[in-house]
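User: I would like to learn how to read pairings in a structure, going from strands to charged side chains to cysteines. Could we take the features in turn, with the general idea before the case?

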Amino acid sequence: MLNGIINIYKEAGFTSHDVVAKMRGICGQKKIGHTGTLDPQATGVLPVCLGSATKLCDMLTDKDKEYVAELLLGQVTDTQDTTGQVLEEQAVTCSEEEIRRVIAGFVGDYAQVPPMYSALKVNGKKLYELARAGKEVERAARNVYISEIEILKLELPVVTMRVVCSKGTYIRTLCADIGDKLGCGGTMQKLERTRVGDFRADKAVTLKQLEQMRDAGQLEKVILSADSVFAHCPALHVQEKWRRLLENGNAFYPNQTVEGHTYSPDAWVRIYCRNNHFVGIYTYDAQRKWYKPVKLFFDS
């Protein structure tokens, strides 16, 4: 079984689930999971986890993300993007200066109401299922964080912008909210996810490229190890005689490591055993004076 992460560049027309289904065929295994959905018309970075690395899926979902989006001003749709039904159209009379000021005002904490056309669930029902049935339900605003917005091009009625944001941010809702604040309405015309954490678009491969690499026997060249995601965390190696503790998912003491170091409480540490085999992420418990597991990847 293949274990690790492949940085996929999702092309337009595929859902995130489509990508996983196609990769199961390409890689010849079922244990594959993606790290956060992209709308079918959106393109860009979609890290996909294989084998034991599927335990990373929720951890990668938490990473900050970067997008390049095209905002079409003067139009409102039911889906908040141009695939939806047009509900309203207006002339764009605001100045470039006003547009720049309003967009800059979204940097920082932002209470965002999730769109009806989303996979979020209310009373066990996905919002998009309710929306397709013509029903709209009240959604509570969720706190998200926009760390950067840079206007790359302003050719009215289209504004191209780069957005760096926290998990859970809907860029099409951001586009709609910017248009609403400007008084002319807005919808998302195009979206590319250019980064998820340290995974970048210029290092990603398409499904077609992945298939070609498989046929050439080079598939493993694009598989990143699970511990590469945590390269910023310090590493400790547990002594071989204490290997059983790791296999059973137990905690261990600093003096049971080769290095014998004690790191700050709550800081994540990469743990390895013999032959530099990655075991998982642990954190130091100052009260008990031992390292306890956060997430285990021990597969042998």
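Analyst: Let us begin with one pair of residues: Tyr272 stands opposite Phe278 in E16. This is a predicted model, in which local features need pLDDT of at least 70 and side-chain atom pairs count only at pLDDT 80 or more, while totals for chains, interfaces and linings use all residues. Residues are numbered from 1 along each chain as its sequence is written, and side-chain values use heavy atoms, with hydrogens and water left out.

User: How are E15 and E16 joined, and in which direction do they run?

Analyst: In general, strands of a sheet pair through backbone hydrogen bonds, either parallel or antiparallel. Strands and helices here are DSSP runs numbered from the N terminus, with at least two residues for a strand (E) and at least four for a helix (H or I), and two strands pair if DSSP finds at least two bridges between them. In this case E15 and E16 run antiparallel and are joined by six bridges.

User: In what order do the four strands of the open sheet lie?

Analyst: The order is E14-E15-E16-E17, with mixed pairing. Because E14 and strand E17 (290-296) stand at the edges with a single partner strand each, one side of each is left without a neighbour in the sheet. From one strand to the next the twist averages 40°, where axes are lines fitted to C-alpha atoms, for helices over the stretch in contact, and angles run from 0 to 180 degrees between N-to-C directions.

User: Turning to charged side chains, how many salt bridges does a search of the whole structure find?

Analyst: Side chains of opposite charge can pair when their charged atoms come close. The criterion for a salt bridge is a side-chain nitrogen of Lys or Arg within 4 Å of a carboxyl oxygen of Asp or Glu, and the search of the whole structure finds eleven. One of them joins Arg172 and Asp39, with 2.9 Å from N to O. Arg172 belongs to helix H5 (residues 171-182) and Asp39 to the loop between strand E2 (32-34) and strand E3 (43-50), so this pair ties together parts that are 133 residues apart in sequence.

User: Is Arg172 buried or exposed?

Analyst: Arg172 is buried, at a relative accessible area of 5%, whereas Asp39 is partly exposed at 24%; buried means under 20% relative accessible area, exposed over 50%, and partly exposed in between, using a 1.4 Å probe and protein chains only.

User: Which residue forms a salt bridge with Arg274?

Analyst: The partner of Arg274 is Glu240, and their closest N and O atoms are 3.9 Å apart. Arg274 sits in the loop between strand E15 (268-273) and strand E16 (277-285), and Glu240 in the loop between strand E14 (235-237) and helix H7 (243-247), so the pair ties together parts 34 residues apart in sequence. Arg274 is partly exposed, with 46% relative accessible area, and Glu240 is partly exposed at 38%.

User: Where do Glu247 and Arg244 lie?

Analyst: Both lie in helix H7, three residues apart, about one turn of the helix, and their side chains meet in a salt bridge of 3.1 Å, N to O.

User: How many disulfides does the search find?

Analyst: A disulfide is a pair of cysteine sulfur atoms within 2.5 Å, and the search of the whole structure finds zero. The sulfur of buried Cys233 has its closest cysteine sulfur in Cys49, at 16 Å, too far for a bond. For Cys273, which is buried with a relative accessible area of 3%, the closest cysteine sulfur is that of Cys233, 18 Å away and likewise too far for a bond.
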